[in-house]
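Trainee: Could we go through this structure together? I would like to begin with the terms and then move on to the fold.
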Amino acid sequence: MADSAPTLFAYTVRREGRMIATLNASHTPTGVIVDSEVFPITQPPEEPGLKRPFTFGSPDQARRFADDAIIAFEYLNCTIT
């Protein structure tokens with residue numbers, strides 16, 4: 001995520017105290033990018049996560065994506081901060 005882009009939201013997902021994922025959204029001139037990083041539970045905690053950006057045309061689309069992801073994590077007994 002670009003340092004100069006305004007942050008729309010940032011979430012950290014934890015399960016049993018271990019970081020599982022992060023979601024960070026920033027506004028760009030062409031839309032919104034949600035940068036995700038997922039830390040598979042099958043790998044050691046010190047290993048780097050799997051990073052993937054998701055591009056959306058509007059903040060509303062990005063927010064709906066994040067809301068759906070957060071609901072799924074909550075069903076998996078994760079804590080979102």
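Mentor: Let us fix one term before anything else: helices (H or I, at least four residues) and strands (E, at least two) are DSSP runs, numbered from the N terminus. With that in place, F39 lies in the loop between β3 and β4.

Trainee: Understood. What kind of model is this, and how are residues numbered?
Mentor: This is a predicted model, in which local features need pLDDT of at least 70, side-chain atom pairs count only at pLDDT 80 or more, and totals for chains, interfaces and linings use all residues. Residues are numbered from 1 along each chain as its sequence is written, and side-chain values use heavy atoms, with hydrogens and water left out.

Trainee: How many helices and strands does the protein have, and in what order do the elements run?
Mentor: There are five strands and one helix. Starting at the N terminus, the order is β-β-β-β-α-β. The radius of gyration, taken over C-alpha atoms, is 13 Å, close to the 12 Å from the globule rule for 81 residues, so the protein is as compact as a globular protein of that length. That rule is 2.2 Å times the number of residues to the power 0.38. Along the principal axes, the C-alpha atoms fill a box of roughly 35 × 25 × 15 Å.

Trainee: How are the strands arranged in the sheet?
Mentor: The five strands form an open sheet in the order β4-β3-β2-β1-β5, with antiparallel pairing. The edge strands are β4 (50-56) and β5, each of which pairs on one side only. Two strands pair if DSSP finds at least two bridges between them.

Trainee: How many bridges join β1 and β2?
Mentor: Eight bridges join β1 and β2 in the antiparallel sense. Within this pairing, V13 stands opposite A21 in β2, and Y11 has L23 in β2 as its bridge partner.

Trainee: And on the other side of β2, what is its pairing with β3?
Mentor: β2 also pairs with strand β3 (residues 31-38) over eight bridges, again in the antiparallel sense. G31 in β3 is the bridge partner of T28, and the two strands form a hairpin with two residues between them.

Trainee: What about β1 and β5?
Mentor: β1 and β5 pair over two bridges, in the antiparallel sense. There, R14 stands opposite T79 in β5.

Trainee: Changing topic to the backbone: what is notable about the phi of E16?
Mentor: E16 has a positive phi of about 55° although it is not a glycine. E16 sits in the loop between β1 (7-15) and β2 (18-28), and the hairpin of these strands has two residues between them.

Trainee: Is E16 buried or exposed?
Mentor: E16 counts as exposed, at 78% relative accessibility. The cut-offs are under 20% relative accessible area for buried and over 50% for exposed, with partly exposed in between (1.4 Å probe, protein chains only).

Trainee: Which residue in the loop between α1 and β5 has a positive phi?
Mentor: That is N77, which has a positive phi of about 65° although it is not a glycine. N77 is in the loop between α1 (59-75) and β5 (79-80), and is exposed with a relative accessible area of 56%. L76 is also found in the loop between α1 and β5, but L76 is partly exposed at 49%. The C-alpha atoms of L76 and R15 are separated by 8.3 Å, although these residues are 61 apart along the chain.

Trainee: Back to F39, then: buried or exposed?
Mentor: F39 counts as buried, at 14% relative accessibility. Leaving aside residues up to four places away in sequence, F39 touches M19, I20, A21, E47, P48 and G49, where contact means heavy atoms within 4.5 Å. The C-alpha atoms of F39 and E74 are 16 Å apart, with 35 residues of separation along the chain.

Trainee: What share of the protein as a whole counts as buried?
Mentor: Of the 81 residues, 32% count as buried. Among contacts with a separation of 6 or more, 35% come from residues 24 or more positions apart.
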